[in-house]
Amino acid sequence: MAEPILEMQGVTAHYGRIQALKGISLKVFPGEIVTIIGANGAGKSTTLMTICGIVRATAGEVRYRGEVISSQSPDVLPARGLIQVPEGRRIFPRLTVSENLDMGAFFRKDEDGIRRDRDLVFELFPVLKERRRQPGGTLSGGEQQMLAIGRAIMGRPTVLLLDEPSLGLAPLIVQQIFRIVKSISEENKTTIVLVEQNANLALNLASRGYVLETGSVVLEDDARALLENPDIRKAYLGE
Amino acid sequence: MEYFFQQFINGITLGGVYALFALGYTMVYGIIQLINFAHGEFFAAGGYVGVIVLSFLGAHGYMGTHPWLCLAFSLVLTMGYCAMLAMAVEKIAYKPLRRSTRLSVLLSALGMSIFLQNGLMLTQGVYDKAYPTAFVQGGLDIGGVRISIMQLLILGLTAVLLFILNALVFRTRIGKAMRATAQDKVMSALVGINSNRIISLTFAIGAGLAAAAGIMVGLYYGAVRYDMGFVPGVKAFAAAVLGGIGNITGAMLGGFIIGMVEIMAAAYVPHGGEYKDVFAFIILIAVLYFMPTGIMGENVDDTRV
Ligand SMILES: Nc1ncnc2c1ncn2[C@@H]1O[C@H](COP(=O)(O)OP(=O)(O)O)[C@@H](O)[C@H]1O
Ligand SMILES: [Mg+2]
């Protein structure tokens with residue numbers, strides 16, 4: 001296989017004295033969809049926030065495109081193609097839908113490309129076009145998730161980190177969102193790291209998966225193998 | 001009736017100055033939840049730098065030939081100077097405390113205020129410094145209401161600055177980034193916004209506007225003093241709270257209301273002129289007591305920063 005585009009090596013992270021990550025190592029290869037599953041509090045969100053430099057790794061290394069990024073300022077990463085759709089969507093509530101999308105393209109200067117990408121987002125999510133002048137905070141949960149993904153698309157991600165995009169959404173909306181995630185991966189060759197509690201959905205979309213428990217990777221395997229693994233079926237697929 | 005219109009004009013003029021001054025409080029609060037006690041010092045520094053530049057130009061004879069050009073020049077220079085001063089204050093006194101408790105930053109702001117005020121006193125002395133005002137004498141009579149050139153100048157300048165600020169904050173890419181940073185610093189970092197730069201810029205803009213207000217007050221009253229930032233500062237702060245602190249439109253509105261109340265109270269309340277400074281404080285206390293989020297605070301959500 002090629003070189004990993006994103007790699008964590010023995011990464012630990014702390015909140016004050018609480019250790020949230022106890023030495024995470026993982027590899028993500030260009031173009032693949034990798035999922036991270038695990039129970040509430042396992043450290044999935046912390047893993048993504050540490051990759052993006054919001055939470056500082058206290059030991060270990062995060063590498064992106066072969067370069068150590070764990071000591072860089074988080075705001076330089078989106079321009080290099082590393083983009084996160086965080087847990088809870090974090091829509092700017094008092095910016096309009098359209099302004100939220102603009103913020104996704106904040107670091108870009110190619111006005112024409114930005115306009116084309118905005119049209120693309122409106123094509124993917126027509127409801128956002130209808131509501132483009134409305135404050136982001138007034139959207140429903142599903143619409144906010146669409147906006148969060150649309151905002152990420154505006155940054156033309158090379159690696160897209162998605163934190164529980166299905167959280168709190170109706171099954172139909174979840175399906176729609178997963179379809180679009182799949183199409184982003186297929187059409188743009190975007191590498192995707194998908195954090196999910198909905199393990200069934202995630203493992204069906206991904207090619208590989210990591211299982212997190214209390215800050216450590218306890219299992220990594222092909223998604224298919226994980227789906228068939230009896231321990232996983234019992235712990236995360238509700239059997 | 002004419003008397004009322006006269007007072008109305010006076011009220012808007014004073015209100016515009018408070019509005020410009022209040023914006024710095026509200027913008028800084030909006031972005032880092034700090035009540036910047038040192039903000040009044042940028043107003044005072046503006047008043048002083050303005051008169052220093054004008055006097056310098058006067059000494060070289062330019063005030064006599066091109067007074068308006070001189071004023072424009074000193075305004076730009078002063079706003080730039082105070083913007084840089086504010087960025088320095090932010091970097092030295094607030095940025096290192098970004099992760100500390102709000103109380104420590106507040107105390108640091110208080111210390112900065114005392115430091116800057118004393119610095120001004122030591123370098124410029126304790127006495128009033130007179131503004132050259134000969135070029136803004138005269139006025140217009142409109143149906144018995146007198147508008148002085150000075151008032152026209154202040155009103156015009158205030159309108160232009162408020163307009164530019166609104167366009168900047170609500171129309172430009174940087175303005176959107178400012179509002180995004182105020183709303184969610186983690187997410188703004190995740191879209192590539194450098195929040196340190198945005199915070200620094202916010203201080204600069206607030207101080208620039210306060211500096212312009214300082215020059216206007218210097219021109220209006222004909223003089224400045226080292227402690228001139230204090231009382232108007234509390235009134236501008238009252239204006240920001242009245243408008244809903246963090247809300248830009250609210251601060252503008254609050255400024256005009258405080259200015260108007262002060263002038264009207266002085267005009268119509270018996271002996272009002274003697275204790276006109278009290279009214280802003282009464283409003284401040286009433287707002288804090290009865291509607292702590294201010295008139296625009298929670299209802300008109302989308303104009304918060
Ligand atoms: N901001 C925080 N402050 C303190 N502890 C936190 C914070 N965020 C997460 N934690 C703790 O870190 C651990 C991992 O949390 P998280 O990464 O959010 O897990 P997950 O996303 O898998 O649910 C949990 O024990 C959680 O309580
Ligand atoms: Mg989580």
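Q: What lies 3.2 Å from a polar backbone atom of A:A42?

A: In this predicted model, that neighbour is an oxygen atom of ligand 1. Ligand 1 also has an oxygen atom 2.7 Å from a backbone N or O atom of A:G41, and an oxygen atom 2.4 Å from an N or O atom in the side chain of A:T46. On its own ligand 1 has 560 Å² of accessible area, of which the protein covers 60%.

Q: Which helix gives the most to the shell around ligand 1?

A: That is helix 1 of chain A, residues 44-51, with three residues. Among the residues surrounding ligand 1 are A:Y15, A:A20, A:K44 and A:S45, and by class the shell divides into four nonpolar, five polar and one charged.

Q: How is the size of an interface often given, and what is the area buried between chain A and chain B?

A: The accessible area lost when the parts come together often serves as the size of an interface. Between chain A and chain B about 2100 Å² is buried, with carbon and sulfur atoms giving 63% of that area. On the side of chain A, the residues losing the most area to chain B are A:F92, A:R94 and A:F106, which together account for 36% of what that side buries. The contact itself takes 22 residues from chain A and 21 residues from chain B.

Q: How many salt bridges does the rule find across the interface of chain A and chain B?

A: The rule finds three salt bridges there, including one in which the side chains of A:E99 and B:R179 meet at 2.8 Å, N to O. Helix 2 of chain A, residues 97-104, contributes four residues, the largest share of the side of chain A that touches chain B. That side has twelve nonpolar, two polar and eight charged residues.

Methods:
Residues numbered from 1 in each chain as written. Chains lettered and ligands numbered in written order. Predicted model: local features only at pLDDT ≥ 70, side-chain atom pairs only at ≥ 80, totals over all residues. Heavy atoms only, no water. Contact = heavy atoms within 4.5 Å. Buried area = accessible area lost by both parts, 1.4 Å probe. Salt bridge = Lys/Arg side-chain N within 4 Å of Asp/Glu carboxyl O. Helix = DSSP H or I, 4+ residues; strand = E, 2+ residues; numbered from the N terminus. Nonpolar A, V, L, I, M, F, W, Y, C, P; charged D, E, K, R; others polar. Near = heavy atom within 4 Å. Polar contact = N/O pair within 3.5 Å; in protein donor to acceptor, adjacent residues only side chain to side chain. Areas by Shrake-Rupley, 256 points an atom, 1.4 Å probe, with all protein chains shown as cover.
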